[in-house]
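Work through the following exercises with the structure open. Each task is followed by a stepwise solution.

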Amino acid sequence: MQPAARPLAPTYQDRRWELPPDAVVHHGTVDDAARVLEGRTLTVLTGAGVSTDSGIPDYRSPDSPPRNPMTYQQFVGDDAFRRHYWARNHVGWQHVRRTHPNAGHRVLAELEERGVVRGVITQNVDLLHEDAGSRTVIDLHGRYDRVICLQCSRVISRAHLAERLDALNPGFVESVLHGGTTVADIEVAPDADAVIERTSHFRPADCEFCGGVLKPEIVYFGENVPRERVRRAFDLVDSADALLVAGTSLTVMSGLRFVRHAAKAGMPVVIVNRGETRGDPLATVKVDAGVTPTLTALAARL
């Protein structure tokens, strides 16, 4: 009998949701989560909440400001949107590249070293799992440090593009940071998009090889995650005995599908997140608490 076909690449888009009134959520403690996960190998699914203690704000925690990320359709279809994005990104990426892994990232790397964690599927683009020492990481939504040409598919480093943008826009970053402001003082989203208003004078760069449109190698809202990447993520879930979810509201299907897949296969699912998540009714245990202290306490019990 052939296994059921997997959903490969649902569109990555934001959807408004709320738990149905009759949803059963199995709230628990770190000890409850440890009892479920003890003696099992884990695949870990992480979101922006795992990086907040590194100084990168998330999108949807109870304390997060409202955000309206640019869609793929806006980026590819409008020169003004692209100019606005690259101006903000030119400031924001400098903040992300200066961030460091926090204790939550480090304990996941240590658990992988001990053989407890099979690998990490992350919705983040900040590379902090890799920086912490995790070896098996699937960057589901891409990575902030690379840029791709939509015409010739050449990939360049974000650092190289920064040099070109500095040459095209001398003094731009300094003008944004006037009055003693630093990059750390500016609100930056998880995708390295800085909140600045005046961008109409910014000059973006085209591909230096073919003149095509450059785009961060990041999966935008309204864009599909590459099929091969999704297959590898499903395989990583299937290679473990349980799924641990940390720091994501699972609002988009891009991450929720792995929780649904694990629950359908009868795997224990533990969710650690401040506030509700779309996957709560599927969780064996839901721990409503901060990610870093919870992961640290959980690692000590596994």
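A salt bridge here is a side-chain nitrogen of Lys or Arg within 4 Å of a carboxyl oxygen of Asp or Glu. The structure is a predicted model, in which local features need pLDDT of at least 70 and side-chain atom pairs count only at pLDDT 80 or more, while totals for chains, interfaces and linings use all residues. Residues are numbered from 1 along each chain as its sequence is written, and side-chain values use heavy atoms, without hydrogens and water.

**Exercise 1.** State how many salt bridges the whole structure holds, and examine those of Glu-228 and Lys-286.

Solution.
1. The search of the whole structure returns nine salt bridges.
2. Glu-228 pairs with Arg-232, with 2.7 Å between the closest N and O atoms.
3. The two are four residues apart in helix α8 (residues 227–238), so about one helical turn separates Glu-228 from Arg-232. Helices are DSSP runs of H or I with at least four residues, strands are runs of E with at least two, and both are numbered from the N terminus.
4. Accessibility is classed as buried under 20% relative accessible area, exposed over 50%, and partly exposed in between (1.4 Å probe, protein chains only). Glu-228, at 46%, is partly exposed, and Arg-232, at 35%, is partly exposed too.
5. Lys-286 forms a salt bridge with Asp-280 at 3.1 Å, N to O; both residues are buried.

**Exercise 2.** Determine the strand order of the open sheet of three strands, and find which helix packs on it.

Solution.
1. The order is β6-β5-β7, with antiparallel pairing; two strands pair if DSSP finds at least two bridges between them.
2. β6 (155–157) and β7 (214–218) are the edge strands, each pairing on one side only.
3. From one strand to the next, the twist averages 40°. Axes are lines fitted to C-alpha atoms, for helices over the stretch in contact, and angles run from 0 to 180 degrees between N-to-C directions.
4. Helix α6 (residues 158–168) packs on the sheet and touches β5, β6 and β7, where contact means heavy atoms within 4.5 Å. The directions of α6 and β6 make about 75°.
5. Four bridges join β5 (residues 142–149) to β7; Cys-149 has Leu-214 as its bridge partner in β7.

**Exercise 3.** Locate the largest nonpolar core relative to the domains.

Solution.
1. A nonpolar core is a set of buried Ala, Val, Leu, Ile, Met, Phe, Trp, Tyr and Cys residues joined through side-chain atoms within 4.5 Å.
2. The largest has 28 residues, of which Trp-86, Tyr-144, Leu-161, Phe-172 and Leu-214 touch the most other members.
3. The largest share of this core, six residues, comes from α3.
4. Domain 1 (22–56 + 102–141 + 225–301) and domain 2 (64–98 + 142–218) both contribute residues, so this core lies between them. The domain bounds come from an automatic or database domain assignment.
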